[in-house]
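Let's take a walk through a protein model together, one piece at a time. Keep the picture open beside you and look for each part as we come to it.

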Amino acid sequence: MSEQTQEPGSSAPRRVVVAGAGMAGVQTAVALREQGFTGTVSLIGAEPHQPYDRPPLSKAVLLGKAEGSAFDVDFEALGIELRLGCEVRGLRPGDHELDTEDGPVPYDVLVVATGAEPIRLPGAEGVPGVHLLRTLDDAERLRPVLARRQDIVVVGAGWIGAEFATAAREAGCAVTVVEAAERPLTGALPAEVAAPMAGWYADAGAVLRTHTRVERVEPGTVVLDDGSRLPAGAVVVGIGARPATAWLSGSGIELGTHGEIVADQHLRSSATDVYAVGDCASFPSGRYGERLLVHHWDNALQGPRTVAVNIVGRASGETPAVYDPVPYFWSEQFGRFVQYAGHHAAADTTLWRGDPAGPAWTVCWLRGGRLVALLAVGRPRDLAQGRRLIESGTPMNPALLADPARPLKAATA
């Protein structure tokens, strides 16, 4: 049996190829070495830059406080082959070959970590002054815009829209945020939780216009659906992202309703010897009883460890590791540090700790008396303790939990 048609677990893979050089891809390559993998590891990235971390782009790089955010990884010392500026174009699982713009790349095991790509504003492509914020090049193009203190219109009041608006206000720009829904963070948080956040925009000197759509973008102007016109030296679009998986068309790999790779609990795709990790893949959560698609940094950090363990351990017949994390993310916006852990969709009880009009408060979601998620604003201790309580499934006392002066760990049943 050739090494390119091996059955899982029949022998140790000699060549692992990782498609995608963002957080998930880099961490997969590093974790393979940490797990003792001695074969070839190739990391393929579409961008020409050294692999970098994305969170600093929305503030540090934009404001000129950092030139970049390259990962502190010595790829050469780890024996990781970097192939940068090389776009993946297709996959032929039957041949164990990845098609790239530089030609086919054979693999024994492939890890797909191509992340997500921003959704573009219809009709705005090619209009001067319209920007996305996803890559280092995007941030570099926007940095002089902020330095010139131009009027800026942000389309979308989600996490990235709020973070960019924060940076733009800090730079002294006039900022208007246009949101089609009735409040910020629709789809991410319940109405009663997102409602207090709407006031943060005005507190920071930004204008938030909800229930408003962009009719069209002209050079220097955004025309809204009510006919009003907003001056715009720049337009920044932050209306969501979708898994970057269009290149898998025709590969036979199962994709979900959002275009994501449908991975199993071990992060294996439907194709033999192909794993998927990070923003481009969903996974079944035993903890929450549903499939999760998590577009956040921590998922791209944690998933690769499971993938590496399973790649290295399969040849020795070890039981595959299960990926079932407590999702976590954070956001810095308008002078507030916002953290979220868990998944609140199936909660049956919502409890508040503190006054949402104040600078620090927490929302806790419970199901069957157990904590399943929490959002902490300026209360990092709540987040740290709550995350552990979610993981352990400890029964909580709702009356004690609602007391903001009481540590979460002291509010158990």
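Two strands count as paired if DSSP finds at least two bridges between them. With that in mind, and remembering that this is a predicted model, we can begin with a small sheet. Three strands make up this open sheet, in the order β13-β14-β15, and their pairing is antiparallel. The strands at its edges are β13 and β15, each of which pairs on one side only. On average, and ignoring direction, neighbouring strands here are turned by 20° against each other.

Let's look at how these strands are joined. β13, residues 214–218, pairs with β14 over four bridges, in the antiparallel sense. Two of the matched pairs are easy to look for: V217 has V222 of β14 as its bridge partner, and V214 is partnered by L224 of β14. The two strands form a hairpin with two residues between them, and in the turn G220 has a positive phi of about 85°. On to the next neighbour: β14 is joined by three bridges to β15, residues 229–231, and these two strands run antiparallel. Here T221 stands opposite P231 of β15. This pair makes a hairpin as well, with four residues between the strands, and G227 takes a positive phi near 90°.

What about the two faces of β14: are they covered or not? A general point helps here. In a regular strand, side chains alternate between the two faces of the sheet. In β14, residues 221–224, T221 and V223 lie on one side while V222 and L224 lie on the other, and all of them are buried, so both faces are covered.

Now move along to another sheet. This open sheet has five strands in the order β22-β23-β26-β25-β24, again with antiparallel pairing. Why is one side of β22 and of β24 left without a neighbour in the sheet? These strands, β22 at 328–333 and β24 at 349–353, stand at the edges and have a single partner strand each, so one side of each has no neighbour there. Neighbouring strands of this sheet are turned by 15° against each other on average, with direction ignored.

Strand β23 is a good one to follow. β23 and β22 pair in the antiparallel sense over six bridges, and they form a hairpin with two residues between them. In that turn, F334 has a positive phi of about 50°. Five bridges join β23, residues 336–342, to β26, residues 370–377, and this pair also runs antiparallel. A341 shows both partnerships: Y328 stands opposite A341 of β23, while L374 in β26 is the bridge partner of A341. Helix α5, residues 191–203, packs on the sheet and touches β22, β23, β24, β25 and β26. The direction of α5 makes about 160° with that of β25, which covers residues 361–367. Most of β23 is covered, with six of its seven residues buried.

Next, find helix α6, residues 297–313. This helix has 17 residues and reaches 25 Å from its first C-alpha to its last, close to the 24 Å expected at 1.5 Å a residue. Because 12 of its 17 residues are buried, α6 is largely enclosed by the rest of the structure. Among the buried ones are D298, N299, G303, T306 and N310.

Which helix packs against α6 at an angle of about 35°? The partner is α1, residues 23–34, and the axes of the two helices are 8 Å apart. Their crossing is right-handed. On the α1 side, the residues that meet α6 are M23, A24, Q27, T28, A31 and L32. The α6 residues they meet include W297, A300, P304, A308 and V312. A general rule is handy as you look along a helix: it has 3.6 residues a turn, so residues three or four places apart point the same way.

Let's finish with the cysteines. A disulfide is a covalent bond between the sulfur atoms of two cysteines. How many disulfides does a search of the whole structure find? The search finds zero. Take C86 as an example: its sulfur is 17 Å from the closest cysteine sulfur, in C280, and so too far for a bond. C86 is buried, with a relative accessible area of 2%. C364 also counts as buried, at 0% relative accessibility.

Definitions and conventions:
Residues numbered from 1 in each chain as written. Predicted model: local features only at pLDDT ≥ 70, side-chain atom pairs only at ≥ 80, totals over all residues. Heavy atoms only, no water. Axes fitted to C-alpha atoms, helices over the stretch in contact; angles between N-to-C directions. Contact = heavy atoms within 4.5 Å. Buried < 20%, exposed > 50% of the residue type's maximum accessible area, 1.4 Å probe, protein only. Disulfide = S-S within 2.5 Å. Expected span 1.5 Å × (residues − 1). Left-handed = near helix turned anticlockwise from the far one by under 90°.
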